[in-house]
Amino acid sequence: MLVLDLALKSLRNRAFSTSLTIGSIALSVALLVGVENVRTGMRESFSNTISQTDLIVGTKGGTIQLLLYSVFGMGASTENVSWEAYRQWAEHPAVAWTIPYSLGDSHRGFRVIGTNEDFLRHYRYRGGQEIALAEGRANAALFDVTLGADVAAELNYALGDEIAVTHGLGEVGFLHHDHMPFTVVGVLARTFTPVDRAIYVTLEGMEAIHWEGGAPPASDDGHAHDDAEAAPADDGHTHNQEMEAAPAGDGLDEADAAPADDGHAQEEAVEVSIDDVEVTQVTSFFVGMTSRRDVLQLQRQINDFEDEPMMAVIPGVALNEMWQGLGYAETGLRLVTVFVVLVGLLGMLVSLYTSLDERRREMAILRAVGAGPSRIVSLLVLESVCLATAGSIGGLALVYVLLSAGQSLVEAQVGLFIPIRPPGTIELLFLGAVVSAGFLMGFVPALKAYRTALHDGLAVRV
Amino acid sequence: MGFTVDVRHLRFRYGGGPWVLDIPELTLERGTRAFLFGPSGSGKTTLLGVLTGVLKANAGEVRVLGEDLASRSGAQRDAFRAEHIGYVFQMFNLIPYLSVLDNITLPVRMHAGRRARLDGKGVKETAAQLADHLQIGDLLKKQVTELSVGQQQRVAACRALIGAPELIVADEPTSSLDFDRREAFLELLFQECERAGATLVFVSHDRTLEGLFSRTISLPDINKALH
C-alpha cells in the first residue's frame with residue numbers, strides 16, 4: 001500500500017512528464033485497438049457485401065473467380081450458363097428465389113449487369129438490407145437502365161439521360177450500339193457495396209446489346225466479344241460517351257467500326273419491345289433456399305449437373321476463403337500497431353530511466369528509513385505499471401470517443417460501418433498485454449535504481 | 001549489553017577498492033550523545049552506512065543493540081534499520097512529492113515493527129506531538145517544497161524520532177543552518193533523544209559544536225585505514 005501510494009504521488013509530482021507518457025501510450029493503444037476495430041468492421045462489411053443468398057451459381061471455374069465477377073464486379077466469366085439450365089435450377093423445389101445475372105458489358109468503366117425484377121426483390125446486403133430505389137422506377141422496358149449510386153454521382157447522370165452501353169469491359173467503350181440508346185429510369189440508393197458501382201439493365205436489354213448490327217436474333221456472341229476486345233485503339237473513345245455526343249462529324253469513324261446499315265437498324269431496334277427478345281443465357285445466378293438445410297445438397301447437385309459444367313458456391317464460405325487470402329495484410333497491419341505500442345512503452349521507459357538521476361536522493365531517503373532494494377524495485381515497476389494501465393485505459397476511452405464521434409462520418413464517407421461494442425476479449429487481451437509489457441519494462445529503470453541504491457548507500461552526491 | 005553500538009575489527013571497502021574503514025574498536029553506551037568528527041574523506045558517511053546496515057562490513061563485528069549487522073542479510077539489515085534507527089541527512093532530507101506529515105510518518109508506514117512502537121497512539125497523533133516538540137506543528141499539511149531549510153531539517157528530525165528508535169544517526173544535519181539555528185536545532189534534538197532514551201551519533205566536521213555532546217570521537221584517530 002505504501003509503495004502504491006508513493007508511486008502515485010511520485011507520478012503526480014512529475015505531472016507533465018507523466019501525462020506526456022500516458023498520452024503517448026494512450027495514442028498507441030488507441031491505434032492498436034482502433035485498427036482492430038476497423039479490421040473487424042472491414043471484415044464484417046466484406047462478408048456482408050451480400051447476405052441471405054445461399055448459393056451463387058455459375059459456370060465451372062474458380063470459386064473466388066465466381067465470387068469476384070458475381071459479387072464484386074471484378075473479372076469476367078469465360079462461359080455462360082444457358083437460360084434453360086438456369087430455369088431448371090430456378091424451378092427446383094428447394095429453391096425459393098433466384099436472381100439471374102448477365103455480365104460482360106461496361107459503360108465508361110462501370111460494369112453493366114443484366115438482371116430482372118428479382119434483383120430488387122431479393123438482393124440483400126449487410127444483414128438483410130434491401131436494395132432501394134433512390135429515385136425513378138425499376139427497369140421495365142428493353143432499353144431501361146438503372147444506375148448504382150456511385151455511377152450516377154460520378155458520371156453525373158440524371159433520370160431521362162440517354163446513355164450508350166458498350167460491349168466488353170474497359171475504360172474505353174465503343175459505340176457499336178449507339179443505335180440502342182438506353183434511358184436512365186432509376187437510381188439506386190447507396191449501399192456501400194459493389195452494387196453502387198454497376199449499371200443495371202434488363203436481361204433482354206443485355207441480349208440486345210449483343211446483337212450484331214442491332215437486329216435480333218443476336219448473332220454469335222463470341223464474335224461480338226472479339227470485336228470489342230480487338231479494337232481498343234479505335235477512335236471510339238471520342239464517342240464512347242453519351243448518345244448526344246455523336247453528331248454527323250463522327251460518321252467516318254462509325255463507318256470504320258460498324259456496318260453502314262446501322263442507321264437503318266436503329267429504326268428497327270427501337271421498335272423492338274421487351275417481349276420480342278428471347279434471353280438465351282445468364283452469367284451466374286444467386287439462389288435463396290426455402291430451407292437452409294438443403295444448401296449443401298443442392299450445391300452438390302449443381303456441381304454434379306451433367307448437361308452443363310456448373311458450379312455453386314456458398315457465399316459466406318467463399319468470402320471467408322477470400323478474406324483468408326488477404327490475411328497477410330492484416331497481419332502486417334497488426335504488426336505495425338504492435339510496434340507502435342512498443343514505441344509508446346519505450347517512451348515510458350526512457351522517461352522513467354532519465355528521471356532516476358534526479359531521484360537518487362529520494363532513493364537514498366527511502367533506503368535510510370528502511371526500504372530494502374526490493375521496495376525500490378517495486379516502486380519503479382509499480383510506477384511503470386500505473387503508467388501503462390492509465391495509458392491503456394486512456395487509449396481505450398479514446399477509441400470509444402473517436403468511434404462515437406466518427407462512426408457515422410466514416411460510414412458516410414467510405415461506407416465502412418464500425419460497430420461500437422463494449423470491450424471484448426480481444427481488447428482485454430490487448431490491455432493485459434500492454435500492462436504486462438509495462439510491468440516487464442519497469443524492471444529496466446528499477447534494476448538501475450536498485451544498483452544505484454546499493455552502491456550509493458546513504459552518500460548521495462547531488 | 002549496555003552498548004548501543006559495539007564495533008570490533010571492522011573493515012570495509014567499496015567493491016575491490018582500497019580499505020575505507022579499519023576500526024579495531026568503537027563502542028557507544030546507551031544514551032550517549034556522540035560527536036563524531038573528521039575531515040572530508042575520512043569515512044564518516046561510510047561508517048554511518050555500516051552502522052545503519054545500509055552497507056555491509058567486509059570483516060569484523062558491527063553490533064547494534066546486540067545484533068551483529070555484519071552477519072545479517074540485506075533484508076534483515078533493512079528491517080533492523082526500519083525498526084531501530086532514525087537517520088537525518090545533511091540536507092534534502094525530504095521526499096519532495098510527500099506532504100510534511102507523510103514524510104514524518106514514512107518510517108512507521110514502511111515497517112510494522114516501527115509502527116508497533118507508537119505505544120498504542122495513532123500515527124498522526126504521534127507525528128503531531130513530535131512536530132509540536134520541534135516547533136513545526138503548524139506545518140504538517142504543507143508541501144515540503146514550501147519549507148525553509150531549517151524547517152526541513154526539523155521535519156527530518158521528526159521522521160528520525162518517530163516510533164522512538166534506539167539509535168539516531170545524523171550526518172551533518174546542521175551544516176546548512178546558520179549558527180543560532182544550529183544550537184536551537186541541536187537542543188530540540190537532544191531533548192527528544194533524551195525523552196526517548198535514544199543514543200545519538202552526530203557527524204560533523206565543525207568542531208565548534210563539540211562542547212554540546214557527551215562524548216567526542218575523532219574518526220582519523222580510530223580509523224586505521226587512513227594511516
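The exercises below, each with a worked solution, concern a predicted model.

Residues are numbered from 1 along each chain as its sequence is written, while chains are lettered from A and ligands numbered from 1 in the order in which they are written. Because the model is predicted, local features need pLDDT of at least 70 and side-chain atom pairs count only at pLDDT 80 or more, whereas totals for chains, interfaces and linings use all residues.

**Exercise 1. Describe the overall build of chain B.**

Begin with the secondary structure of chain B, which comes to eight helices and nine strands (DSSP runs numbered from the N terminus, helices being H or I of at least four residues and strands E of at least two). Next, consider the extent: along the principal axes, the C-alpha atoms of chain B fill a box of roughly 50 × 40 × 30 Å. The radius of gyration of chain B is 17 Å, which agrees with the value near 17 Å for a compact globule of 227 residues (taken over C-alpha atoms, the rule being 2.2 Å times the number of residues to the power 0.38). Finally, buried residues make up 49% of the 227 residues in chain B (buried means that 20 or more other C-beta atoms, placed from the backbone, lie within 10 Å of the residue's own; exposed means 12 or fewer, and partly exposed in between).

**Exercise 2. Place strand β8 (residues 199-204) of chain B in its surroundings.**

First, six of the six residues of β8(B) are buried, so the strand is largely enclosed by the rest of the structure. Second, sort the side chains: B:Thr199, B:Val201 and B:Val203 point one way, and B:Leu200, B:Phe202 and B:Ser204 the other way. Third, find the partners (two strands pair if DSSP finds at least two bridges between them). Strand β3 (residues 33-37) of chain B runs parallel to β8(B) over five bridges, with B:Ala34 opposite B:Val201. Strand β7 (residues 167-171) of chain B is likewise parallel to β8(B), joined by five bridges, and here B:Ile168 stands opposite B:Leu200. Last, β7(B), helix α7 (residues 179-196) of chain B and β8(B) make a right-handed β-α-β unit (with the strands pointing away from the viewer, the path from the first strand over the helix to the second runs clockwise).

**Exercise 3. Determine how helix α1 (residues 44-51) of chain B is enclosed, and what follows it.**

Eight of the eight residues of α1(B) are buried, so the helix is largely enclosed by the rest of the structure; among them are B:Lys44, B:Leu47 and B:Leu51. Just after α1(B), B:Gly53 takes a positive phi of about 80°.
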